[in-house]
Amino acid sequence: MKREKRILALALALTLLLGLSAAALAAEDTKELTLEVGTEGTAVSLDDLPVQPYWEGDTLMIPLRKAGEALGYRVDWDAETGAITMDDETVQRVTLTDGSTKAIFTGELKVISMSREVELSAPVAVHSGYTFVPLALFEEFFNDVSHADGVISVSPRMAELH
């Protein structure tokens, strides 16, 4: 009888511990994220979004227009075709479609073609008119991206020629 009580107490303790661990993980997944852009790390307001940046599996999804326009890119949506574009207006432009994992780039850098097709790690998602894309898309526009301690950072990659 004592042994059965010990096993029952151990099972109960293990269940409680696993429950607390799962709750802690869930809290981490729903932790509010902030978005900072530019070399100075300027905070971008996300208050008006219907959905905050979120994880799609292992992929961090961020609002395209908020991040793109804060970096000085032009972001457009074609109501007729449903095409979503982001253009740095100097080197390249990307065309995206809701639900697709394909990003179609067009452009050139002097004599180097920047045109290519990139497979995204998660599909583009539109939530109440706001387009969310994988954070890594901004690396294709020569930006450094990172995520740590609830802060998403996107900043232009600085390079020096010697």
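## Salt bridges, strand pairing and buried residues

At 31% relative accessibility, Arg93 counts as partly exposed, and this residue forms a salt bridge with Asp87 in which the closest N and O atoms are 3.8 Å apart. The structure is a predicted model, and ten salt bridges are found in it. The points below begin with the charged network that includes Arg93, and then turn to a second salt bridge, to the pairing of strand E14 with E1 and E13, and to individual residues such as Leu46, which is buried.

**The salt-bridge network**

- Arg93 belongs to a network of salt bridges that links Arg74, Asp76, Asp87, Glu89 and Arg93.
- Asp87, the partner of Arg93, is buried, because its relative accessible area is 13% and the limit for burial is under 20%.
- Within this network, the side chains of Arg74 and Glu89 meet in a salt bridge with an N to O distance of 2.6 Å. Arg74 lies in strand E5 (residues 74-77), whereas Glu89 lies in the loop between strand E6 (84-87) and strand E7 (92-96), so the pair ties together parts that are 15 residues apart in sequence.
- Both ends of that pair count as partly exposed, with a relative accessibility of 33% for Arg74 and of 48% for Glu89.

**Leu46, Asp48 and the loop between E2 and E3**

- The side chains of Asp48 and Lys66 also meet in a salt bridge, at 2.8 Å from N to O. This pair links distant parts of the chain, since Asp48 is in the loop between E2 and E3 while Lys66 is in helix H2 (residues 64-70), 18 residues apart.
- Asp48 counts as partly exposed, at 44% relative accessibility.
- Leu46 is found in the loop between strand E2 (42-44) and strand E3 (54-56), and with a relative accessibility of 6% Leu46 counts as buried.
- Leaving aside neighbours within four places in sequence, the residues in contact with Leu46 are Leu33, Leu35, Gln52, Pro53, Pro63 and Lys66. The C-alpha atoms of Leu46 and Leu35 are separated by 7.8 Å, although these residues are eleven places apart along the chain.

**Pairing of strand E14**

- Strand E1 (residues 34-37) and strand E14 (residues 151-156) run parallel and are joined by four bridges; in this region Leu35 stands opposite Ile152 in E14.
- Strand E13 (residues 143-148) pairs with E14 in the antiparallel sense over six bridges, and the bridge partner of Ser146 in E14 is Ser153.
- E13 and E14 form a hairpin with two residues between them, and Asp149 in the turn has a positive phi of about 50°.

**Thr59 in strand E4**

- Thr59 is found in strand E4 (residues 59-63), and this residue is buried, with a relative accessible area of 10%.
- The side chains of Thr59 and Ser121 are joined by a polar contact of 3.0 Å. Not counting residues up to four places away in sequence, Thr59 touches Tyr54, Ser121, Ala122 and Pro134.

**A nonpolar surface patch**

- Leu109, Val111 and Ile112 make a nonpolar surface patch of about 320 Å².
- Leu109 has its place in strand E8 (residues 102-109) and, at 40% relative accessibility, counts as partly exposed.

Note on methods: Residues are numbered from 1 along each chain as its sequence is written. This is a predicted model: local features need pLDDT of at least 70, side-chain atom pairs count only at pLDDT 80 or more; totals for chains, interfaces and linings use all residues. Side-chain values use heavy atoms; hydrogens and water are left out. Buried means under 20% relative accessible area, exposed over 50%, partly exposed in between (1.4 Å probe, protein chains only). A polar contact is a pair of N or O atoms within 3.5 Å; within protein, one must be able to donate a hydrogen and the other to accept it, and residues adjacent in sequence count only if both atoms are side-chain atoms. Contact means heavy atoms within 4.5 Å. Patches are made of residues with over 30% relative accessible area and no salt bridge: like charges are joined within 9 Å, nonpolar side chains (Val, Leu, Ile, Met, Phe, Trp, Tyr) within 5 Å. Accessible areas come from the Shrake-Rupley method with a 1.4 Å probe; for residues, only the protein chains shown count as cover. A salt bridge is a side-chain nitrogen of Lys or Arg within 4 Å of a carboxyl oxygen of Asp or Glu. Two strands pair if DSSP finds at least two bridges between them.
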